[in-house]
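Trainee: Please give me a close look at a single part of this structure, and then set that part among its surroundings. I should like the reasoning to be spelled out wherever a classification is made.

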Amino acid sequence: MFGIRIADLNVTIENKYPFVFDFCRDFLADFDVADITVCVSDEEIEREREDNPYNAANGYLEAVCVYRQIALQLPRFDAMVFHASVISCDGKGYAFAAHSGTGKSTHTALWQQVFGERVFFVNGDKPILRYREGKWVAYGTPWRGKEKLGGNVSAPLQAICFLERGKENSIAPLESSEMIGRLFGQVLMPEDKQMAERFLELLDSLVTSTPTYLLHCNMLPEAAIVAFQGMYIKENGNDCETE
């Protein structure tokens, strides 16, 4: 058993396998009171094995189940897991979501190539978004994708951007109705009725308070410039520096 701190929450993990401890090493924390406690059963691990296309080890499967348990409890704390790659640029967080294989990690890496030290990864795959003090904040977690991008960091969420491949780069705001449909593909909906109701309230808050865009992009550095200018200028005016 050990503790981690993610999204400013204390989480106790009663693990069976050492893989989970090593996986969460960068987030280890000591505390007296846990906000969330998770313990994965052997039955859950076996069910996860049935759904996993790879011959994964028990420790890896336990880590998957641990995060699912955490995710299902997060609405109690005005938070959710969001499947996206989040970067911080000039201290503001940008979440990029896309269907698997579209290239969200590749696109966000272009931001580092273009903007250098102005950019760092918050999380490359499954950050936590939490509503705190009237604003949404993106937090890094140990579940950060195969590239292990990101760390124990956070950034205020400036915008969400959905990616689609295209020969030319272009960006445009999404209407709320279209945004909702896309959002449901990136989150885990709780089955518990009370938790699901709270979750839907959080999604509504995210939709109404966070600018959302659709970016058609290729994998050239210009794509990062188009995305940055489209989102930054929209929210901050024309005082936009790309160098």
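Mentor: Glu133 is a suitable place to begin: its relative accessibility is 81%, so it counts as exposed, the cut-off for that class being over 50%. The model is a predicted one, and the description that follows should be read accordingly. Glu133 sits in the loop between β8 (128–132) and β9 (135–139). Its backbone deserves attention as well, since the residue is not a glycine and yet has a positive phi of about 50°.

Ala7 offers a parallel in backbone geometry. Although Ala7 is not a glycine, its phi is positive, at about 55°. Ala7 also occupies a loop, in this case the one between β1 (2–6) and β2 (9–13). The surroundings of Ala7 are another matter: with a relative accessible area of 2%, it is buried, because that class takes in values under 20%.

The loop that holds Ala7 leads on to a charged pair. Asp8 and Arg5 join their side chains in a salt bridge, with an N to O distance of 4.0 Å. Asp8 counts as partly exposed at 33% relative accessibility, and Arg5 is also assigned to the partly exposed class, at 34%. Both values fall between the limits of 20% and 50%, which is why neither residue is called buried or exposed.

This contact belongs to a wider set, for 14 salt bridges are found in a search of the whole structure. Another of them joins the side chains of Glu147 and Lys146, at 3.6 Å from N to O. Glu147 is partly exposed at 39% relative accessibility, whereas Lys146, at 77%, counts as exposed. As for connections between bridges, Arg5, Asp8 and Arg132 are joined into one network by salt bridges that share partners.

Lys146 also brings us to the pockets. The largest pocket has a volume of about 1200 Å³. Its lining comprises 37 residues, and those closest to the centre are Tyr60, Asp125, Lys126, Gly145 and Lys146. By class, this lining divides into 14 nonpolar, 12 polar and 11 charged residues. Helices α1 (18–23), α3 (58–73) and α4 (104–115) each contribute at least two residues to the lining. The greatest contribution comes from α3, which provides six residues.

The second largest pocket holds about 160 Å³ of space. It is lined by Glu48, Asp51, Asn52, Pro53, Tyr54, Ala56, Tyr60 and Val64. Tyr60 thus appears in this lining as well as among the residues closest to the centre of the largest pocket. Helices α2 (42–51) and α3 each supply at least two residues here. The lining of the second largest pocket has five nonpolar residues, one polar and two charged.

A separation in the early part of the chain may also be noted. Thr37 and Glu50 are 13 residues apart in sequence, and their C-alpha atoms are 25 Å apart in space. Thr37 belongs to strand β3 (residues 36–38). Thr37 is partly exposed, with a relative accessible area of 42%.

A further salt bridge ties together parts of the chain that are distant in sequence. Asp78 pairs with Arg198, and their closest N and O atoms are 2.4 Å apart. Asp78 lies in the loop between α3 and β4 (79–81), while Arg198 is in helix α6 (residues 193–209), so that 120 residues separate these partners. Asp78 is classed as partly exposed at 25% relative accessibility, and Arg198 has the partly exposed label at 26%.

The surface also carries a nonpolar patch of about 320 Å², made by Ile180, Phe184, Met189 and Leu200. Phe184 is found in helix α5 (residues 176–184). With a relative accessible area of 39%, Phe184 is partly exposed. That value can qualify for a patch because patches are made of residues with over 30% relative accessible area and no salt bridge.

To return to the starting point, Glu133 and Ala7 each have a positive phi without being glycine. Glu133 is exposed, whereas Ala7 is buried.

Technical notes
Residues are numbered from 1 along each chain as its sequence is written. This is a predicted model: local features need pLDDT of at least 70, side-chain atom pairs count only at pLDDT 80 or more; totals for chains, interfaces and linings use all residues. Side-chain values use heavy atoms; hydrogens and water are left out. Patches are made of residues with over 30% relative accessible area and no salt bridge: like charges are joined within 9 Å, nonpolar side chains (Val, Leu, Ile, Met, Phe, Trp, Tyr) within 5 Å. Accessible areas come from the Shrake-Rupley method with a 1.4 Å probe; for residues, only the protein chains shown count as cover. Helices (H or I, at least four residues) and strands (E, at least two) are DSSP runs, numbered from the N terminus. Buried means under 20% relative accessible area, exposed over 50%, partly exposed in between (1.4 Å probe, protein chains only). On a 1 Å grid over the protein atoms alone, a cavity is a set of points where a 1.4 Å probe fits but cannot get out, and a pocket is an open set with protein on both sides within 12 Å along at least five of seven lines; lining residues have an atom within 4 Å of a point. Grid points are joined across faces, edges and corners, and a volume is the space filled by probe spheres set on the points. Ala, Val, Leu, Ile, Met, Phe, Trp, Tyr, Cys and Pro count as nonpolar, Asp, Glu, Lys and Arg as charged, and the others, Gly among them, as polar.
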